[in-house]
Amino acid sequence: MRIDVVSIFPEYLAPLRLSLLGRAQTDGILELEVHDLREFTSDRHRTVDDTPYGGGAGMVMKPEPWALALEAVLAAQTARRHPGQGDARQGDPRQSDPPTLIVPSPAGEVFTQSLAYELAEEPTLAFACGRYEGIDERVLEWAAPRFRVRPVSLGDYVLNGGEVAVMAMVEAIGRLLPGVVGNPESLVEESHSDGLLEYPVYTKPSSWRGLDVPEVLLSGNHGRIAKWRREQQLRRTASRRPELLEGVDASQFSGGEREVLRELGYGVDDSGRLARA
Ligand code: SAM
């Protein structure tokens, strides 16, 4: 996968060169290019912002450098998505298979594990990091025929800029690329992979400061362990994120699991979905 990030603080993204994602880049699984938005300005002060039309606090990111930066990203990504077709498609604003442009924004759809899985299937991704009060809205309109534009929020809070959101998203997406995480099985049972939170995990020693690892995990009985873990997933999800269970198709749960869910206050409604009693 190729990822292009545009930011006025390219150095902010440096941690993406470390650890598993750093190795993925060395191994050629991930190609990451970070572009400095100021390189696409033409004035002496390399200006990227201006006052908002209509008044109000703060500054807004100017459209001109954004269009130039995104054109450069588009050219690099088109070459990657359609190798061997030269420059023929690069100037074509209406491509049949446009690359995805993620615009981090607290006003976007919320980033989830299922969106991470969806985006991990893409050959290229572009990210546009906003700062100040955000990017002039016309940039998104201009980009719409050229990219599949998706404003995406990390959560219901406001950050100073898109860089931290991009780091979180690139890490979540990057670790799903084949070959990035050493043991791909570890991705299967993680929180959110099946709509539930992960069960609690323990390592040696079995007894530590008066606290013992649950006996079942030392039993060597894989059936009992799997059952215990699944029950713990249900209990943890019901207690920490009850809304994740609401409306879920109940047919995926065994009789024993439904018993646990009943104890946790969930019944099954007429349409076969979980509902809090
Ligand atoms: N005025 C904007 C609003 O209220 O929607 C917030 C601007 S924020 C100070 C500056 C930039 O930080 C945004 O353009 C966006 O790129 C990024 N940002 C802030 N909060 C975010 C969030 N929850 N998720 C993703 N990006 C966020």
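Q: Which residues of helix H1 are buried?
A: You're looking at a predicted model, where local features need pLDDT of at least 70, side-chain atom pairs count only at pLDDT 80 or more, and totals for chains, interfaces and linings use all residues. Residues are numbered from 1 along each chain as its sequence is written, and side-chain values use heavy atoms, leaving out hydrogens and water. Helices (H or I, at least four residues) and strands (E, at least two) are DSSP runs numbered from the N terminus, while buried means under 20% relative accessible area, exposed over 50%, and partly exposed in between (1.4 Å probe, protein chains only). By that rule, the buried residues of H1 are Leu21, Gly22, Ala24 and Gln25.

Q: Within what arc do the buried residues of H1 fall?
A: Take the directions from the helix axis to the C-beta atoms, since that's how the arc is defined. Seen down the axis, the buried residues of H1 line one face of the helix, because they fall within an arc of 160 degrees.

Q: Which residues are exposed on the other side of H1?
A: The buried residues of H1 line one face. Turn to the other side, and the exposed residues are Ser19 and Thr26.

Q: Why does Gln25 count as buried?
A: Gln25 sits in helix H1, and it is in contact (heavy atoms within 4.5 Å) with Leu16, Arg17, Leu30 and Leu32, leaving aside neighbours within four places in sequence. A polar atom of its side chain is also 2.8 Å from the backbone oxygen of Leu16. It counts as buried because its relative accessibility is 17%.

Q: How many residues does the largest nonpolar core have?
A: A nonpolar core is a set of buried Ala, Val, Leu, Ile, Met, Phe, Trp, Tyr and Cys residues joined through side-chain atoms within 4.5 Å. In the largest one, Ile3, Val5, Phe111, Phe127, Met169 and Ile173 have the most contacts inside it. Its residue count is 31.

Q: Which helix supplies the largest share of this core?
A: Strand S1 (2–7), helix H1 (19–26), helix H3 (113–120), strand S6 (124–128) and helix H5 (163–174) each chip in at least two residues. The largest share is seven residues, and it comes from H5.

Q: How many of the twelve residues of H5 are buried?
A: Helix H5 is mostly covered. Its cover includes S1, H1, strand S5 (100–110), H3, S6 and strand S7 (148–153). Val166, Met169 and Ile173 are among its buried residues. Out of twelve, the buried count is nine.

Q: Which residue has a side-chain N or O atom 3.0 Å from a nitrogen atom of the ligand?
A: The ligand is surrounded by 19 residues, and the closest are Pro104, Glu133, Leu154, Tyr157 and Leu159; a residue counts as near if one of its heavy atoms lies within 4 Å. Leu159 uses a backbone N or O atom, 2.9 Å from a ligand nitrogen. The side chain at 3.0 Å belongs to Glu133.

Q: What percentage of the protein's residues are buried?
A: Zooming out, the protein comes to eight helices and eleven strands, and its C-alpha trace spans about 70 × 45 × 45 Å along its principal axes. Of its 277 residues, the buried share is 40%.

How values were computed
Polar contact = N/O pair within 3.5 Å; in protein donor to acceptor, adjacent residues only side chain to side chain.
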